[in-house]
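Reader: I am new to this structure. Can you take me through some of its strands?

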Amino acid sequence: MGRTAVIIGAGPAGLTAALEFLRRSDITPILLEASDEIGGISRTIRYKGNRMDIGGHRFFSKSNRVMQWWIDLMPPESLEGEAEVEIAYQGKHRVVTVPAHLREEPVLRGAGPHVVTTEEATESEDEPNEEEAVVAEVMVPEAVPDPDLVMLIRPRKSRIYYLRKFFDYPITLTATTLRNLGAMRTVKVGTSYLKSRLSQIKPEKSLEDFLINRFGRQLYLTFFKSYTEKVWGTPCSEISAEWGAQRIKGLSLTTAVKHFVKKSFSRKKGDLSQKGTDTSLIERFMYPKFGPGQLWEHVADLIVEKGGQIHMGWKVDRIHCEGEHVVSIDAVNRAGERRTFAGEYFFSTMPMRELVEAIDAPVPENVREVSAGLQYRDFITVGLLADRLKVKDPDGGLLKDTWIYVQEPDVLLGRLQIFNNWSPYLVADPTKVWIGLEYFCYDTDDLWKMPDEELMKFVIAEVAKIGILNAEDVSDGHVVRVPKTYPAYFGTYERFEELREFVDGFENLFLVGRNGMHKYNNQDHSMLTAMTAVDGILAGNVDKAALWGINTEQEYHEEKKS
Ligand SMILES: Cc1cc2nc3c(=O)[nH]c(=O)nc-3n(C[C@H](O)[C@H](O)[C@H](O)COP(=O)(O)OP(=O)(O)OC[C@H]3O[C@@H](n4cnc5c(N)ncnc54)[C@H](O)[C@@H]3O)c2cc1C
């Protein structure tokens, strides 16, 4: 019997690891998923023909590898039918469209780039290296690909709602911004920004320090404090500056101003990667036609087609170890049945706190303490179907925003998604407006425990209060509670190294993904951790430090090498 990789969780990280094994090795992946849904936090919820995204997932990455992976699975719609399209950034050029193997194996669309052998590669006049050969291989498939398996290219429009007015996000220095802020606030913003430029807070310990250093105290108080504290339920002064470094790196008032100026000049057509752009300033992103879950469900289908196993409804609760080697794991289903899965490699995307509880090896007291003290923020999203919004776009139609940060301190509402603008295909009846109202909370909060009907009423009252819609225009709604959406950088996080050292000690256990690494990883980072672990296994040596380095450095590991 061949080698097996047992993978905990069918979210982006687990699914990526499984498909990578199948594409590139004879290692069989066995995925165990506690829920009945594919995609983890990146799944798409279905409700009466409508689809909801948990949070709104932009598909954007600075990693060439991830961009290529996505495009290979679901080509951008605008590329349909074209023989080749150039994506250019920072002087690099890529040709990406449907890979040649799709013509040969249409059912296995996305099963992996056809790896060009050295022999084939050397036949080429240009003598490309292997990677270039793969991405440069472009053919129009004879069979028409599934028209639904495509990425839409969506314009990003996100604004801040504050003082019952809209502000650009990121803040731009426009006449509207200044008018909305009023003269007094504008002067305060300017002087406090200058003050922060002249005297930076050092060392930059907290998120508050991080934001004041980049925006000045007044702008921080106006546009960041209330929203960030809604998200984390903790004062910014108690959140590690590392959060800011990962989440809004590269963004400051200065870059916002520069961006505003730059916008007047043309951007290169076809630059989907927008690699030279800081993540918070990206203005176009890819988005699967039917929401992020469509991509991950497609990946799951490919995994099964290629011989991998996915066991739904099996929750892993025991990790059996012999010394520093994991030998098997136990999972339990809803009927209470238990099964043991043995393998050579083990990938975990389950929350680290639960992983440590499940390990049957002796866990040192300090490690147990750090693990037990890890904290998470939970998330509620309520989908509301309405006939119209009260607040309109200047053209009289639906607002163009994909999402809106609600900075109003008199409501608990944190963010609002307009799903119609993510993809019109998320909405069953195009005459309706389908929005998602997002609340950040703890699963111990009253809000979390509120019965659905009561919660719906509460939410409708909040959006009506701030003037977004009239309550009587809402015809239906759906509540989704998502635990552990945000691994927090407080609690025992400052002692995280102790925990990391312990888990890294298990030679064949690989922690990947977001909660799997207790790291604020987006899909691309989660995927890269999985890909990098598989790379290491196939090369016979996994550099675990490199896995932890992903999404820590300014540029991802992959780019640093090139
Ligand atoms: C509000 C919000 C907005 C976001 N927006 C974006 C965005 O715009 N772009 C982007 O790229 N990313 C975004 N993300 C991040 C993205 O959702 C995550 O990076 C990604 O889903 C993490 O993948 P993962 O596989 O590590 O974990 P998850 O998605 O959490 O999947 C883990 C899976 O493991 C399962 N599991 C857990 N415990 C067990 C167990 N004991 N046994 C078996 N199975 C288990 C879970 O049920 C789950 O299915 C966003 C996240 C949030 C919360």
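Reader: Which residue in β17 stands opposite isoleucine 160?
Author: This is a predicted model. Isoleucine 160 lies in strand β8, residues 158-162. Across from isoleucine 160, in β17, stands tyrosine 405.

Reader: Do β8 and β17 run parallel or antiparallel?
Author: Strand β17 covers residues 403-406. Four bridges join β8 to β17. General background helps: strands of a sheet pair through backbone hydrogen bonds, in one of two senses. Here the sense is parallel.

Reader: What is the bridge partner of tyrosine 162 in β9?
Author: Strand β9 spans residues 165-168. Four bridges tie β9 to β8, and the two run antiparallel. In β9, tyrosine 162 is partnered by lysine 165.

Reader: Which residue in the turn between β8 and β9 has a positive phi?
Author: β8 and β9 form a hairpin. Two residues sit between them. The positive phi, about 60 degrees, belongs to leucine 163.

Reader: Which are the edge strands of the sheet with the order β12-β13-β14?
Author: This open sheet has three strands, with antiparallel pairing. An edge strand here pairs on one side only. That picks out β12 (314-322) and β14 (338-342).

Reader: How many degrees does the twist average from one strand to the next?
Author: The strands follow the order β12-β13-β14. From one strand to the next, the twist averages 25 degrees.

Reader: Which residue in β13 is the bridge partner of arginine 318?
Author: β13 runs over residues 325-333. Eight bridges pair β13 with β12 in the antiparallel sense. In β13, the partner of arginine 318 is aspartate 330.

Key: Residues numbered from 1 in each chain as written. Predicted model: local features only at pLDDT ≥ 70, side-chain atom pairs only at ≥ 80, totals over all residues. Pairing = 2+ DSSP bridges. Axes fitted to C-alpha atoms, helices over the stretch in contact; angles between N-to-C directions.
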